[in-house]
Amino acid sequence: MSNLLVFALYFLGHGQSGNSLNAQLSDDAIIFPNDEDLFQSVTSTSAQPSGKLIEIFPDNCGIQSYKFQNERRIKRAPNLIQIMVVGGTDARVGVHPWIARIGQNGRFFCGGALITAKHVVTAAHCLGKRGEYMVRLGDHDKDDDSDPGRIDVVVKAMIPHEKYLKAKQLVQNDIAILLLKESVKFTDRISPICLPMAGLRNLDLANRSVTVAGWGALSYGGEKAKVLQQANLIVTPHNECIQSYKSIKLLINNDQICANNPGKDACGGDSGGPLTFFYPESRRHYLVGIVSFGYKCADERFPGVYARTTSYMNWITEKVMNMN
Ligand SMILES: *[C@@H]1O[C@H](CO)[C@@H](O)[C@H](O)[C@H]1NC(C)=O
C-alpha cells in the first residue's frame, strides 16, 4: 500500500467534521478515497493494484487556463446570428477546456466533457448510431478548420449506463462514458473538468449559479451555433422541477438536476454537454450535470433537465477504472 493510500485511509475516518471540505478540495489525491461508498465499491470490483486508486482522475482538473483569463470576449461577426445555447453569449476561447463534441464522419451532434486524458462523459441518448464515433476537443469556432487548438480522437469504446431508459413518461440514467483511442495531451485549450466527489457530492445546489455550454441550436428548432455558446443558469429547486414536468406527465427523479433562467437554456445539439459549477472554495469547476432533455428550449415553465453527476460517481469511477 502506498503512503498516500495509508494517509487516505486515515483521513477516511476523520473526513466528515469541521472544515474538512477545504482540506479535501485542496488536494485531489485525498478527495477520491475519502469517499467511503466509493472506496468500498471500487476496491471490491477492481483488478487494479490499490495504489492506483488515487491516480485515476487528474488533479489539475477544473481549471481554466490562465492564458485566457483576461482575454476580451471574441467580437461577434456582424452578420451572424450566433446563439445556440438559447440566450447565451459567445464563450471566450479556452474557458471550457473540458468541452467535447461528439459525432461521426466530421458531423458533430452532441456535447460531452473530458474527465481524464482518455475518458469523456456524455449522454446515453447520444449513442446508438452505427459506425465509428469521434470526439473533437479544443474547439471554439466550429467552422474554422485551420484552428490549431483543436484535435479529433477516435472513440475506442462506449458504455451507456446499463439502466438507461428513454420512455414516454421518463428518461432515466442518461449518461455514458467514452474511451478515447489515445490519451490526449492537456493544453491551454484542452483539460479535464473535476468530478464532484466527497464533500461536494452532498452540496445542495438549489438556487446556485451554474453554466451550460455547447454548439447546439440557438432557438427551438433553429440554427446551430458557430462559436461555442455559454449561458449562466440557476439550479431549480428540485420539487419545483418535479411539479413543472408533472403538468405534462413526465417524471423527474433524484438522479436528475434541473436548471433554468428566463430566456436561457440548453437546446438541440447541446445534449451530453456539461453543466458546470464553480466552487469558490477550491476555485475549480465541477461537472454537476449532463444535458439530457427539456420541453422545447427556454420555455419558462420547463427548466432544462440534466443527469445529476453526483448520483453517478461510483458508476463513473468503476467504468473509468475498467476501460483502458
Ligand atoms: C431556493 O429559493 C427558493 C425560492 O426563493 C426558496 O424557497 C428555497 O428555500 C431556496 N433553497 C435553497 C436551498 O436555498
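Six strands close into a barrel in the order β2-β3-β4-β9-β6-β5, and their pairing is antiparallel. From one strand to the next, the twist averages 45°. The model described here is a predicted one, and a walk around part of this barrel is a good way to get to know it.

A convenient place to start is strand β3, residues 107-114, which runs antiparallel to β4 and is joined to it by two bridges. These strands, β3 and β4, form a hairpin, with four residues between them. One pairing to look for in the structure is that of Ala113, whose bridge partner in β4 is Val121.

Strand β4 itself rewards a closer look. In a regular strand, side chains alternate between the two faces of the sheet. In β4, His119 and Val121 point one way, while Val120 and Thr122 point the other way. Whichever way they point, all of these residues are buried.

On to the next neighbour: β4 is also antiparallel to β9, and four bridges join these strands. Here Thr122 has Ala176 of β9 as its bridge partner. Strand β9, which spans residues 176-180, pairs in turn with β6, residues 151-160. Their pairing is again antiparallel and extends over five bridges. Within it, Ala157 is matched with Leu179 of β9 as its bridge partner.

A helix accompanies this part of the barrel. Helix α7, made up of residues 313-322, lies across β4, β6 and β9. Relative to β9, the helix runs at about 20°.

Attention can now move to the ligand. Which residues surround the ligand? They are Asp204, Ala206, Asn207 and Pro237. Sorted by class, this shell holds two nonpolar residues, one polar residue and one charged residue.

A final stop is Asn260, found in strand β12, which covers residues 256-260. Is Asn260 buried or exposed? Asn260 counts as buried because 22 other C-beta atoms lie within 10 Å, and the cut-off for a buried residue is 20 or more. Leaving aside residues up to four places away in sequence, Asn260 touches Leu233, Ile234, Thr236, Asp265, Pro303 and Gly304. The fold also brings Asn260 and Arg301 to a C-alpha to C-alpha distance of 9.4 Å, although these residues are 41 residues apart in sequence.

How values were computed
Residues numbered from 1 in each chain as written. Predicted model: local features only at pLDDT ≥ 70, side-chain atom pairs only at ≥ 80, totals over all residues. Pairing = 2+ DSSP bridges. Axes fitted to C-alpha atoms, helices over the stretch in contact; angles between N-to-C directions. Contact = placed C-beta atoms within 7 Å. Buried ≥ 20, exposed ≤ 12 C-beta atoms within 10 Å, placed from the backbone. Near = placed C-beta within 6 Å. Nonpolar A, V, L, I, M, F, W, Y, C, P; charged D, E, K, R; others polar.
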